[in-house]
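Subject: Structure for you to look over

Hello,

Here is the structure I promised to pass on. Please open it first, then read my notes below.

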Amino acid sequence: MSIAVDILTPERRVLQAQADSVVVPAADGELGILANHAPLVAQLEPGEIRMRTGNDIQIFAVSGGFVQVQHNHVTVMAETAEMAHEIDVERARQAAERAKAALRAPIGTVDLAQAQAALMRALARLRAVEAVRRHSPSAPPR
């Protein structure tokens, strides 16, 4: 039995599909969702969503938001969401370096919460790309 999955951002519908399972980065840790899961709403942290259909695994980087599960339907409402293969690795690395530099700046010159959030988003994107490489060794590097 499969479950319907929608991944939405304020700008677009990233995905509408059926899946056998979904793993999301909830605030309290990873949350695995299978068919007939109990209804829930949970906050998402920056991280990766893994969606499995048969032997195929799709990976998405999200920067936070919420997930709702009800009636065999998973709805992810994310601030941002990207399929791992869409991520520009060099751009994500540069964003991580900028955020790290901002965190090293003297206190008062930088909004620490913003710099930490930027670092978490960049690292989530890089982890999603690495996860694709782990699950698909033949995937070309970007």
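From the N terminus on, the elements of the chain run β-β-β-β-β-β-β-β-α-α. That makes two helices and eight strands. Please keep in mind that this is a predicted model.

Overall picture

The chain has 142 residues, and 39% of them count as buried. I also looked at contacts in the chain with a separation of 6 or more. Residues 24 or more positions apart account for 53% of those.

The cores

In soluble globular proteins, nonpolar side chains tend to be buried together. Here the largest nonpolar core has 24 residues. Which residues have the most contacts inside it? They are Val5, Ile7, Val22, Val24, Ile33, Val67 and Val76. At least two residues of this core come from each of strand 1 (3-8), strand 2 (13-19), strand 3 (21-26) and strand 4 (29-34). The same holds for strand 5 (40-53), strand 6 (56-70), strand 7 (73-78) and strand 8 (81-83). There is also a second, separate core, made of six residues. Val89, Ala96, Ala122 and Leu126 are among them.

Val22 is worth a click. Leaving out residues up to four places away in sequence, Val22 touches Ile3, Val5, Leu31, Gly32, Ile33, Ile49, Arg50 and Met51.

Strand 3

This strand took most of my time. Is strand 3 mostly covered or mostly open? Mostly covered: six of its six residues are buried. In a regular strand the side chains alternate between the two faces of the sheet. On strand 3, Ser21, Val23 and Pro25 point one way. Val22, Val24 and Ala26 point the other way. Residues on both sides are buried.

Now the partners. Strand 3 pairs with strand 4 in the antiparallel sense, over six bridges. The two strands form a hairpin, with two residues between them. Strand 3 and strand 5 also run antiparallel, joined by four bridges. Val23 shows both pairings. In strand 4, Val23 stands opposite Gly32. In strand 5, Val23 stands opposite Arg50.

Ser21 also belongs to strand 3. Why does Ser21 count as buried? Because its relative accessibility is 12%, and buried means under 20%. Neighbours within four places in sequence aside, Ser21 is in contact with Ile3, Ile33, Leu34, Arg50, Met51 and Arg52.

Two loops

Gly54 is in the loop between strand 5 and strand 6. Gly54 counts as partly exposed because its relative accessibility is 36%, which lies between the 20% and 50% cut-offs. Gly54 and Ala19 are 35 residues apart in sequence. In space they are 8.1 Å apart, C-alpha to C-alpha.

The loop between strand 6 and strand 7 holds His71. Asn72 lies in that loop too. Check the backbone there. Most residues other than glycine have a negative phi, and most peptide bonds are trans. His71 is not a glycine, yet has a positive phi of about 50°. Asn72 is also a residue other than glycine, and its phi is positive, near 55°. Is His71 buried or exposed? His71 is exposed, because its relative accessible area is 74% and the cut-off for exposed is over 50%.

A pocket

Rolling a probe the size of a water molecule over the atoms shows where empty space is left. Take the second largest pocket. About 260 Å³ of space lies in it. Its lining has 15 residues. Which of them lie nearest the centre of the pocket? Those are Ala95, Ala118, Arg121, Ala122 and Arg125. Strand 6, helix 1 (89-104) and helix 2 (112-135) are the elements that give two or more residues to this lining. By character, the lining of the second largest pocket divides into eight nonpolar, two polar and five charged residues. Note that Ala122 appears twice in these notes: in the second core and in the lining of this pocket.

Where I would start reading

Begin with strand 3, which pairs with strand 4 and with strand 5. Then go to the loop with His71 and Asn72. Finish at the second largest pocket, with its 15 lining residues.

Best wishes

Conventions:
Residues are numbered from 1 along each chain as its sequence is written. This is a predicted model: local features need pLDDT of at least 70, side-chain atom pairs count only at pLDDT 80 or more; totals for chains, interfaces and linings use all residues. Side-chain values use heavy atoms; hydrogens and water are left out. A nonpolar core is a set of buried Ala, Val, Leu, Ile, Met, Phe, Trp, Tyr and Cys residues joined through side-chain atoms within 4.5 Å. Buried means under 20% relative accessible area, exposed over 50%, partly exposed in between (1.4 Å probe, protein chains only). Contact means heavy atoms within 4.5 Å. On a 1 Å grid over the protein atoms alone, a cavity is a set of points where a 1.4 Å probe fits but cannot get out, and a pocket is an open set with protein on both sides within 12 Å along at least five of seven lines; lining residues have an atom within 4 Å of a point. Grid points are joined across faces, edges and corners, and a volume is the space filled by probe spheres set on the points. Ala, Val, Leu, Ile, Met, Phe, Trp, Tyr, Cys and Pro count as nonpolar, Asp, Glu, Lys and Arg as charged, and the others, Gly among them, as polar. Two strands pair if DSSP finds at least two bridges between them.
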